[in-house]
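I opened my notebook to see how this chain is put together. Here is what I looked up, step by step.

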Amino acid sequence: MAIDIGGTKIAGALVHPDGTMTATTRRPTPRGVDAEGVMAAVTEVVADLSASPLWASAVRCGIGSAGPVDTSRGTVSPVNIGAWRDFPVQERIAAELAARGAGLPTVLAGDGVAMTAAEHWLGAARGYANALCMVVSTGVGGGLILNDQLHPGPTGNAGHIGHISVAFDGEPCVCGGRGCVESIASGTAIARWAREQGWTPSVGSGPGGSDGANGDGGRITARDASAAGVAAAAAQGDPIALAAFDRAGRALAAAIAASATLVETDIAVIGGGVAAAGDTLFGPIRTHLAQYATLSFVQGLQVVPATLGTHAGLIGAAAAATMLLPPSA
């Protein structure tokens, strides 16, 4: 059983041993409600799953959630779910399962760790004993596979590469540090830096083309002004947009090389919305990586796109449960 909790949706599925999913369901993440109002949507997802004829066959439950998380306490304080602060989501979901006759062992994983488990099980990190997997989106998160084992750390935050400092005199980060990867390479940071350098979004840089063909009547949309808009401008050769992605790629390369040097990972897998920019992001990462991954044991490090996309959350929650909970009897 897998439950994926994010800022826009709460999803659930029953995940088979081969990774296929049945009984998939989802609810929008409630806005303008208190903690119980958000939990009510989770309860509805669990109720949907309990209606499946396969409900009684479930052996464990994995919960993936946006963070911060503290898996030692089973609590979450998602940045994008303001109503939940130190919310005991693991305990509450376990109680909902038990109330419906499924007293299953449960485990909580942050979304970066869940994505890592997914990509190692069925995605781009499959077959690699040591891997770093990353989500580059409005924030930058990640997780580690070491010796074929998921390594979440005591509180579930190991591999949180977004808050490695790559610029000791860099800008303050929301975490309180300076020069963090997230403050340079997140989608938010890419768009902000580009605008500060004089880049201005053009109409229709998102899907649908220009001249109002995207259905917005020729208005600048949020997507046009986002990292997706910067990526579209970079693809057209805009020098500021290209510089913004080069800067982000350099920050990511430095952090990837540092992580690989520390724990000897073989591959870095990158997913998330910013990774959809393709070679606009991956080209600079690979170019700069050669300047940072210089020791013999990291020179062969690969950087590749994630392959599971929107399925990574649910598949990852199930994979984390399989990897972190003891085998069923």
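**Entry 1: helix α2**

I began with a note to myself that this is a predicted model. My first stop was helix α2, and I looked up which side of the helix faces away from the inside. On the other side of α2 from its buried residues, E91 and A99 are exposed. Which residues of α2, spanning 89-99, are buried? I found V89, Q90, I93, E96 and L97. Looking down the axis of α2, I saw these buried residues fall within an arc of 125°, so they line one face of the helix.

Next I asked what the buried residues of α2 pack against. I listed β1 (2-5), α1 (35-50), β4 (61-65), β6 (75-76) and β7 (106-110). I also checked the spot just after α2, where G101 takes a positive phi of about 80°.

**Entry 2: the open sheet**

I then traced an open sheet of five strands, and I wrote down its order as β10-β9-β8-β11-β12, with mixed pairing. Which strands stand at the edges? They are β10 (149-150) and β12 (302-305); each has a single partner strand, so one side of each is left without a neighbour in the sheet.

I zoomed in on β11 (residues 267-271), which pairs with β12 in the parallel sense over four bridges. In this pair I could put my finger on A268, which stands opposite V303 in β12. Helix α3 (residues 111-122) packs on the sheet and touches β8 (131-136), β9 (140-146), β10 and β11. I noted that the direction of α3 makes about 45° with that of β9.

**Entry 3: one serine**

I picked S259, which I found in helix α7 (residues 239-263). Is S259 buried or exposed? Its relative accessibility is 11%, and the cut-off for buried is under 20%, so S259 counts as buried. Leaving aside neighbours within four places in sequence, I saw S259 in contact with L132, I161, I164 and E264.

**Entry 4: the whole chain**

Last, I stepped back and counted nine helices and 12 strands in the chain. The radius of gyration is 20 Å, close to the 20 Å that the globule rule gives for 329 residues, so the chain is as compact as a globular protein of that length. I noted that the C-alpha trace spans about 60 × 55 × 35 Å along its principal axes.

How much of the chain counts as buried? I got 50% of the 329 residues. For contacts between residues at least 6 apart in sequence, I read that 62% join residues at least 24 apart.

Note on methods:
Residues are numbered from 1 along each chain as its sequence is written. This is a predicted model: local features need pLDDT of at least 70, side-chain atom pairs count only at pLDDT 80 or more; totals for chains, interfaces and linings use all residues. Side-chain values use heavy atoms; hydrogens and water are left out. Buried means under 20% relative accessible area, exposed over 50%, partly exposed in between (1.4 Å probe, protein chains only). Helices (H or I, at least four residues) and strands (E, at least two) are DSSP runs, numbered from the N terminus. The arc is that of the directions from the helix axis to the C-beta atoms. Contact means heavy atoms within 4.5 Å. Two strands pair if DSSP finds at least two bridges between them. Axes are lines fitted to C-alpha atoms, for helices over the stretch in contact, and angles run from 0 to 180 degrees between N-to-C directions. The radius of gyration is taken over C-alpha atoms; the globule rule is 2.2 Å times the number of residues to the power 0.38.
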